[in-house]
Amino acid sequence: MKYSLLSLFRQGLSGHRNWPQAWTNPKPESAYDIIIVGGGGHGLATAFYLASEHGKSNIAVLEKGYIGGGNTARNTTILRSNYLRDESSRLFEHSMRMWESLTDSLNFNVLLSQRGVYNLGHTLQDMRDIERRVNANYLGGIDAEVVSAQELRERIPLLNVSEHARYPILGASYQARGGIARHDAVAWGYARAASKLGVDIIQQCEVTGIERSNNTVTGVNTSRGFIRASQVACVTAGHSSVLAAMVGLRLPLESHPLQAFVSESMQPVIDTVVMSNTVHAYISQSDKGDLVIGAGIDSYNGYSQRGSPHINEHTAQAILEMFPALSRVRLNRQWGGIVDTCPDACPIVGKTPVQGLYFNCGWGTGGFKATPGSGHVFAHTIAHDEPHPLAAPFSLERFCTGHLIDEHGAAAVAH
Amino acid sequence: MLLIPCPYCQHIFEEEDFAYAGEAFIERPPQPEQISDQEWADYLFMRNNPKGPHLEQWIHAAGCRKFFVVKRNTANNRIEGSWTMAKAHAGKNDLLERL
């Protein structure tokens, strides 16, 4: 069923009790052409573009939990493409352009809100880095702007742009096209669109092993039995090293808990996205009215989906440094997602030494914004068994050749 | 909050007194010019990153300022022991075998 005003009206006549299931919940077949491991945004997007742009039909997405139950629907939903290096800004800009038409292409409202993103500078060096990045963005055709402290005072009234702050705000970079989107709508929208094109979305199905013969993938062992496939693509974020270890592959990844928080709901107070690398927190206000706050990663490797409480305290301090007026706001919920950080703060998208096995991982703390672009270039990589031109610089080989893409500066969360 | 036993101070302290220092027993190849780029990349960048028991280094930054080795389960954060650098390296094979 196509979602439209008309279908909303029709379903309203029967009290909204007869909406069809958004995606099917099939039992796994014994074999597929392509198996995507991981039913997060990137995995579902990969399946969707394989089906919609590359004419592939026999695809399964295996998800160990349920759709929209992981990091995809538990992140701070910030979108932007103002990265420093050509390779990464091209990839993120590719994604940004796809966001701008995503609601139409999925026929699912992802509530894209291009309310702008500010990256604050608190030191002279911050401001030099910001100017350099904004200039690089200009050259790459990406909208960017350096904003002075005075302008910030006018644009974000709640922000403490006082000279007496402990870490005075000197200015910011601004990307007007940046913003936020509704995270679960992204998961659900891709799941529904992929399912409609015949992709089997299999939930509660955990991959426990990857079978090979002659260094070629033959299938995966799962909690619901062996499934044959000649191409297996792993899009498992924090658990990528665990999947890679199944074929004896070591990745340059470390998994860390990354915490995020939401406050109680309140009247609109912040109509944009504010990020600060120096005091280290970022904040926006969702359509529901709760403040969505992101922290830095916990320092140690971990899969516990929890994180340590002192991180909450430091994040609250950073938010209050920027917005002292929020000091009486109560936090409602906390979440620790497992993110896979890479030494150069850039993802790994591409082939592996095992024929038919692909990895899309290492997005670290900033994968949500890349969801459409990542799925798009990864689908191309799988369909052609050759990296998409935008994905080519992000191969696993770069750690051997030394061609790292250092994005520690523009990745807003320190890795 | 992790509670970490410092093997030098012989006492348990809160995580904030420490700084994490990555996977333990990563040794710089003695003859870097004689190994392949692949081996060098493996040393520099590749990590086991397991979900389960992990041997890792911490430094007691707000205490004795010494590095030591901790065995911690990354799935549930249970700490199974900590050793001074000297003891950890003397018993390295044993520690790795019992992972």
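Tutor: Let's start with a ground rule: a helix here is a DSSP run of H or I with at least four residues. Keep in mind too that this is a predicted model.

Student: What puts A:Leu5 in a helix, then?

Tutor: A:Leu5 sits in helix H1 of chain A, which covers residues 5–13. A run has to hold at least four residues to count, and residues 5–13 pass that test.

Student: Why is A:Leu5 called exposed?

Tutor: Count the neighbours: 7 other C-beta atoms lie within 10 Å of A:Leu5. The cut-off for exposed is 12 or fewer, so A:Leu5 qualifies.

Student: How far apart are A:Leu5 and A:Leu404?

Tutor: In sequence they are 399 residues apart, and in space 48 Å from C-alpha to C-alpha.

Student: On to chain B. What is it built from?

Tutor: Three helices and six strands. Following the sequence, you get β-β-β-α-β-β-β-α-α. The C-alpha trace of chain B spans about 45 × 25 × 25 Å along its principal axes. Of its 99 residues, 23% are buried.

Student: What makes S3, S4, S5 and S6 of chain B a sheet, and in what order do they come?

Tutor: Pairing takes at least two bridges between two strands. S3(B) and S4(B), residues 53–59, share three bridges, and S4(B) and S5(B), residues 67–73, share seven, so both pairs meet the cut-off. The sheet is open, in the order S3-S4-S5-S6, with antiparallel pairing.

Student: Why are S3 and S6 of chain B said to stand at the edges?

Tutor: S3 (19–23) and S6 (79–84) of chain B each have a single partner strand, so one side of each has no neighbour in the sheet. Neighbouring strands of this sheet are turned by 30° against each other on average, direction ignored.

Student: Which residues of S4(B) should I look for across from B:Glu23 and B:Tyr20?

Tutor: B:Glu23 stands opposite B:Glu56, and B:Tyr20 has B:Trp58 as its bridge partner. On the pairing with S5(B), B:His54 stands opposite B:Arg72.

Student: Now the sheet in chain A. What is its strand order?

Tutor: That open sheet has eight strands in the order S5-S6-S4-S14-S15-S16-S13-S17, and the pairing is mixed. Its edge strands are S5 (145–148) and S17 (331–341) of chain A, each pairing on one side only. From one strand to the next the twist averages 20°.

Student: How do you know that S5(A) and S6(A) pair?

Tutor: S5(A) and S6(A), residues 171–175, are joined by four bridges in the antiparallel sense. The cut-off is at least two, so they count as a pair. One place to look is A:Ser148, whose bridge partner in S6(A) is A:Gly171. Helix H5 of chain A, residues 124–139, packs on the sheet and touches S4 (117–121), S5 and S6 of chain A. The direction of H5(A) makes about 25° with that of S6(A).

Student: Where does helix H9 of chain A lie?

Tutor: H9(A), residues 309–322, lies across S13, S14, S15, S16 and S17 of chain A, and runs at about 120° to S16(A).

Student: What makes a group of residues a nonpolar core?

Tutor: The members must be buried residues of the nonpolar kinds, joined through C-beta atoms within 7 Å. The largest such core has 120 residues, and A:Ile35 and A:Val37 touch the most other members. Helix H7 of chain A (183–196) gives the largest share, eight residues. Apart from this core lies another, of 15 residues, including B:Cys6, B:Tyr20, B:Trp58 and B:Phe68.

Student: Which residues does A:Ile35 touch?

Tutor: Leaving out residues up to four places away in sequence, they are A:Ala60, A:Leu62, A:Val220, A:Ile227, A:Ala229 and A:Val232.

Student: Last one: how many residues of chain B are in contact with chain A?

Tutor: 22 residues of chain B, against 20 of chain A. S3, H1 (37–44) and S4 of chain B each give two or more to that side, and H1(B) gives the most, with four residues. By kind, the chain B side splits into eight nonpolar, seven polar and seven charged residues.

Methods:
Residues are numbered from 1 along each chain as its sequence is written. Chains are lettered from A and ligands numbered from 1 in the order in which they are written. This is a predicted model: local features need pLDDT of at least 70, side-chain atom pairs count only at pLDDT 80 or more; totals for chains, interfaces and linings use all residues. Axes are lines fitted to C-alpha atoms, for helices over the stretch in contact, and angles run from 0 to 180 degrees between N-to-C directions. A residue is buried if 20 or more other C-beta atoms lie within 10 Å of its own, exposed if 12 or fewer, and partly exposed in between; C-beta atoms are placed from the backbone. Two residues are in contact if their C-beta atoms, placed from the backbone, lie within 7 Å. Ala, Val, Leu, Ile, Met, Phe, Trp, Tyr, Cys and Pro count as nonpolar, Asp, Glu, Lys and Arg as charged, and the others, Gly among them, as polar.
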